[in-house]
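Please examine the chain shown below before attempting the exercises. Each task is followed by a worked solution.

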Amino acid sequence: MKFKFVTAIALCAMAFISCDEDTANIGNSLTSENDKLITTTHDFDVLTQSVAVDSVFSRERQGYFGLVKDPETNAFVKSEFTTQFNMMESVDDWLPTLEEIAKDKDGYVVADSCLIRIILDVRSSYGDSLASMKLRVSELDRPINSDLMHYTNFDPKAMGYIRQGGLRYEKMFSLRDLTLSDSVRYLTDANLHRNTSTTNDNGYYDEINVSLNDPYTDKDGVTYNNYGTYILQKYYEHPEYFKNSYNFIHNVCPGLHFETVDGTGVMARIMEMDMFVFYSARYLDDTEDGDDYNTFLLMTSTEEVVQTTKVTNDKAAINRLVEDNSCTYLKTPAGIFTEVTFPVDEISTSHPTDSLLSAKILFQRQNNQYDASALSFSVPDKLMLIEKDSLDTFFKNRMTANNLFAYQVSLDKNAYTFSNISNLITRMHQAKEKGLKNDPNWTAHHPNWNKAMLVPVEIVTIKSSSSTIYGTQSYETPIATENKLGLTSTRLVKGTADQPIKIQVIYAKFNN
């Protein structure tokens with residue numbers, strides 16, 4: 001069968017279908033008796049299975065570190081975070097001249113202190129907010145190949161990227177720092193550039209502060225009183241190292257690695273990470289006299305530099321769930337996806353002279369004993385149905401749903417419903433037809449030709465607004481899709497040969 005292009009009348013019919021389950025009178029309402037549009041509905045069997053996912057493509061916007069026990073498997077899940085820092089190209093305008101910057105008694109440039117500030121997104125974190133954890137911060141030995149770093153199985157420790165004898169700090173933390181006074185919690189001056197808070201504390205942000213103020217020895221054996229002094233002296237010795245992020249990363253700071261080394265029960269999501277170098281200086285006038293002041297150099301972990309989260313799952317525990325024939329699973333981070341096999345041949349040969357108008361499929365959740373538990377992982381809110389062979393390219397290119405080979409839905413009434421994936425079915429059918437013309441064994445060489453994957457995702461959006469006569473309208477426009485790296489889990493009804501999932505297909509043709 002060759003799927004025919006759907007006419008304008010058929011497109012109008014689709015609009016009616018979305019509003020009315022009864023399709024019997026669609027043709028009557030749109031056309032005359034002579035050229036009436038006839039529609040036919042047919043259900044086909046769809047098979048599904050769980051697939052273990054060793055790693056996923058990890059883009060820069062998400063960062064996690066922590067260690068938790070999955071109540072569903074009683075196995076541990078660990079995340080580690082590695083990042084570089086972005087250097088502003090206008091840094092020369094921010095830093096004082098060599099004559100103005102503060103120096104020690106020997107005349108060397110010196111920093112007052114250096115600090116890493118990690119702002120946490122507690123609402124997207126998991127675990128007891130008061131549980132004690134120990135964070136370790138380690139210096140990288142060299143910049144990481146960005147082509148390698150974007151997958152969640154990349155292990156900087158195993159591959160020798162952690163500098164031996166380099167910067168290393170450990171810090172106890174909890175998601176909520178209740179040791180701070182109320183006066184500190186209500187400080188807002190440092191947070192004016194933010195629109196929302198991670199807590200209800202009126203502008204206070206849950207954060208971890210790691211001071212880098214122990215003596216630091218660089219690769220050349222030179223020792224500085226703290227890491228900030230090392231950075232400042234490098235700037236005044238080699239200002240070209242600070243012209244852009246690439247130069248800074250390859251000559252000064254290759255990056256830092258963050259992991260929890262003690263404690264369990266917390267998976268922290270990073271909202272923002274900054275490095276501050278605090279220093280003193282004096283504004284000089286023509287008489288070489290001036291005012292003393294204290295300020296800082298800021299470097300931030302941003303999407304313009306490389307960031308990645310490493311995920312460690314218990315493979316044996318994951319495989320036990322994959323082998324569970326009572327359901328399929330969706331489990332993140334980098335745990336289990338659900339593979340869907342569509343009956344493309346059956347759909348294409350069932351009505352050889354008709355046009356494929358609509359294809360609807362629903363994936364029903366199965367509740368389990370952990371759904372109501374405070375320890376249970378959250379249920380994935382957004383899913384993408386993506387053609388299996390397009391999966392890696394889709395995330396590498398930061399694409400969004402295109403209703404061609406990638407479809408997005410949200411959880412609704414305990415199910416994920418894809419209202420019309422007819423373009424995907426057509427695409428699969430046409431790819432097979434074209435492939436067989438040149439290769440009789442095309443399906444053997446392309447075993448995934450009729451398969452798609454259900455993948456939990458996060459949608460990256462940009463906010464905008466416009467003024468109308470009704471007031472200001474706000475919008476969020478999707479610009480990219482990322483693999484979900486937070487802790488989520490759910491079970492789906494499995495499509496088997498004995499009890500398949502149904503895909504409802506609607507065909508259309510004109511009376512003549």
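The exercises concern a predicted model and proceed from the whole chain to a single residue.

**Exercise 1. Describe the overall make-up of the chain.**

Solution. Begin with the secondary structure: the chain contains 24 strands and twelve helices. Next, consider burial: 49% of the 512 residues count as buried. Then turn to the surface, where the chain exposes about 24900 Å², with carbon and sulfur atoms supplying 48% of that area. Finally, examine the contacts between residues at least 6 apart in sequence: 76% of them join residues at least 24 apart.

**Exercise 2. Identify the largest nonpolar core and state which residues have the most contacts inside it.**

Solution. The largest nonpolar core comprises 56 residues, and Phe 342, Leu 385 and Ile 421 have the most contacts inside it. Strand E21, residues 451–468, gives the most to this core, namely six residues. Apart from this core lies another, of 51 residues, which includes Phe 81, Val 91, Val 137 and Phe 242. To see the surroundings of Ile 421, set aside residues up to four places away in sequence; Ile 421 then touches Phe 342, Ala 359, Ile 361, Leu 385, Tyr 407 and Ile 503.

**Exercise 3. Determine whether Thr 481 is buried or exposed, and describe its surroundings.**

Solution. First, locate the residue: Thr 481 belongs to strand E22, residues 471–483. Second, apply the cut-off: Thr 481 has a relative accessible area of 2%, and buried means under 20%, so Thr 481 is buried. Third, inspect its side chain, of which a polar atom lies 2.8 Å from the backbone oxygen of Met 399. Lastly, beyond its neighbours within four places in sequence, Thr 481 contacts several residues, among them Met 384, Phe 394, Arg 398, Val 457 and Glu 458.

Terms used:
Residues numbered from 1 in each chain as written. Predicted model: local features only at pLDDT ≥ 70, side-chain atom pairs only at ≥ 80, totals over all residues. Heavy atoms only, no water. Helix = DSSP H or I, 4+ residues; strand = E, 2+ residues; numbered from the N terminus. Buried < 20%, exposed > 50% of the residue type's maximum accessible area, 1.4 Å probe, protein only. Contact = heavy atoms within 4.5 Å. Areas by Shrake-Rupley, 256 points an atom, 1.4 Å probe, with all protein chains shown as cover. Core = buried A, V, L, I, M, F, W, Y, C linked by side-chain atoms within 4.5 Å. Polar contact = N/O pair within 3.5 Å; in protein donor to acceptor, adjacent residues only side chain to side chain.
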